[in-house]
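Take a walk through this fold, from its loops to its interior. Keep the structure open beside the text.

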Amino acid sequence: MDVVTSIEAWLFQDNVSLAALFVGIVLLSYLLEDLAIITAATLAVEQLMPTSLALAAIFVGISSGDLGLYLLGKSAQRVRVLRYRLFRYQRARKLRRKIHQQAFSTLFVVRFIPGLRTVGFTLSGFLDVPKSKFFIAVLTATGLWTVLVFGSFFQLGNAQWLKESQISWLLIPLGLGVMLLVNKLITRTFLRDAYDTAR
């Protein structure tokens, strides 16, 4: 958490170049995606960074992180013990079939459920989900999520009443709190449905 705090504090210092801000947001997105989106929106609102560049940094950070997880799963295929243990079970073979048949919808949903992204994207690489299906699903979901969250906080930050009240610094902690609540709601909704179906 100290690393996250250090990166975020550094991003808001004076005289940070646009290239450094871009790299900082990408690095922050590897650690905490939602915080990176809110931070980028805040930088854009405070006109420390152009809106298009802030959006691009978020998109590059999240997409490359997702690709990294997929490639990690691909490289895990070389570990013979993992392959043997996974594919000797019938349930694992069914999971592989299901993830291949419903790759787009599964990966799209996984993007919005915190805690499942790492497992879902790594498993996609391990189970040989075609790269094209993976990228289309992940890029579509990432684009939607980024525009939705970034746009919401950018609009809120640009509200006249917020600018006049001098409390725009509250945008990041408030935004993070809202994001945590939304993530909890999404997780409960999707996982409850999955649990009920499994029963």
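Gln47 sits in the loop between α3 and α4. Its phi is near 55 degrees, a positive value in a residue other than glycine. Is Gln47 buried or exposed? Gln47 counts as exposed, because its relative accessibility is 70% and the cut-off for exposed is over 50%.

This is a predicted model, so a word on confidence is due. The mean pLDDT of the protein is 79. A value of 70 or more is reached by 76% of the residues. Residues 194–199 are another matter: pLDDT stays under 50 there. For that stretch the model has zero contacts beyond four places in sequence. Where pLDDT is low, the predicted coordinates should not be read in detail.

A second loop residue deserves a look. Asp128 lies in the loop between α8 and α9 and follows α8. Asp128 is not a glycine, yet its phi is positive, about 60 degrees. With a relative accessible area of 30%, Asp128 is partly exposed. What does Asp128 pair with? Asp128 forms a salt bridge with Lys74, with the closest N and O atoms 2.6 Å apart. This pair links distant parts of the chain. Lys74 belongs to helix α4 (residues 51–76), and the two partners are 54 residues apart. Lys74 is partly exposed too, at 23% relative accessibility.

Now turn to the other charged pairs. Side chains of opposite charge can pair when their charged atoms come close. How many salt bridges does a search of the whole structure find? The search finds four. Salt bridges that share partners join Glu33, Asp66, Arg111 and Arg117 into one network.

Start with Glu33. Glu33 is found in helix α3, which covers residues 33–45. Glu33 counts as buried because its relative accessibility is 15%, and the cut-off for buried is under 20%. Leaving out residues up to four places away in sequence, Glu33 touches Leu28, Ile62, Asp66, Arg111 and Arg117.

Two of those contacts are salt bridges of Glu33. The side chains of Glu33 and Arg111 meet at 2.7 Å, N to O. Arg111 comes from helix α7 (residues 103–111), 78 residues away from Glu33 in the chain. Arg111 is buried, with a relative accessible area of 1%. The other bridge joins the side chains of Glu33 and Arg117, at 2.4 Å, N to O. Glu33 lies in helix α3 and Arg117 in helix α8 (residues 116–126), so this pair ties together parts that are 84 residues apart in sequence. Arg117 is buried as well, with a relative accessible area of 12%.

Arg117 has company in its own helix. The buried residues of α8 are Arg117, Gly120, Phe121, Thr122, Ser124, Gly125 and Phe126. An α-helix has 3.6 residues a turn, so residues three or four places apart point the same way.

Next comes the nonpolar interior. The largest nonpolar core has 30 residues. Which of them touch the most other members? They are Leu11, Ile25, Leu28, Ile37, Met49, Ile58 and Phe150. The elements that give two or more residues to this core are α1 (2–11), α2 (18–31), α3, α4 and α9. Helix α3 gives the largest share, nine residues. A second, separate core has 14 residues, among them Ala76, Val110, Phe121 and Ala137.

Leu28 is worth a closer look. Beyond four places in sequence, its contacts are Val4, Ile7, Leu11, Glu33, Leu35, Ala36 and Thr39. Leu28 is thus a member of the core and a contact of the charged Glu33.

Finish on the surface. Where does nonpolar character show there? Val3, Val23, Leu27, Tyr30, Leu31 and Leu32 make a nonpolar surface patch of about 520 Å². Helix α2 supplies the largest share of the patch, four residues. Tyr30 lies in helix α2. Tyr30 counts as partly exposed because its relative accessibility is 44%, while the range for partly exposed runs between 20% and 50%. Helix α2 therefore appears both in the largest core and in the patch.

Conventions. Residues are numbered from 1 along each chain as its sequence is written. This is a predicted model: local features need pLDDT of at least 70, side-chain atom pairs count only at pLDDT 80 or more; totals for chains, interfaces and linings use all residues. Side-chain values use heavy atoms; hydrogens and water are left out. pLDDT is the predictor's confidence in each residue, from 0 to 100. Contact means heavy atoms within 4.5 Å. Buried means under 20% relative accessible area, exposed over 50%, partly exposed in between (1.4 Å probe, protein chains only). A nonpolar core is a set of buried Ala, Val, Leu, Ile, Met, Phe, Trp, Tyr and Cys residues joined through side-chain atoms within 4.5 Å. Patches are made of residues with over 30% relative accessible area and no salt bridge: like charges are joined within 9 Å, nonpolar side chains (Val, Leu, Ile, Met, Phe, Trp, Tyr) within 5 Å. Accessible areas come from the Shrake-Rupley method with a 1.4 Å probe; for residues, only the protein chains shown count as cover.
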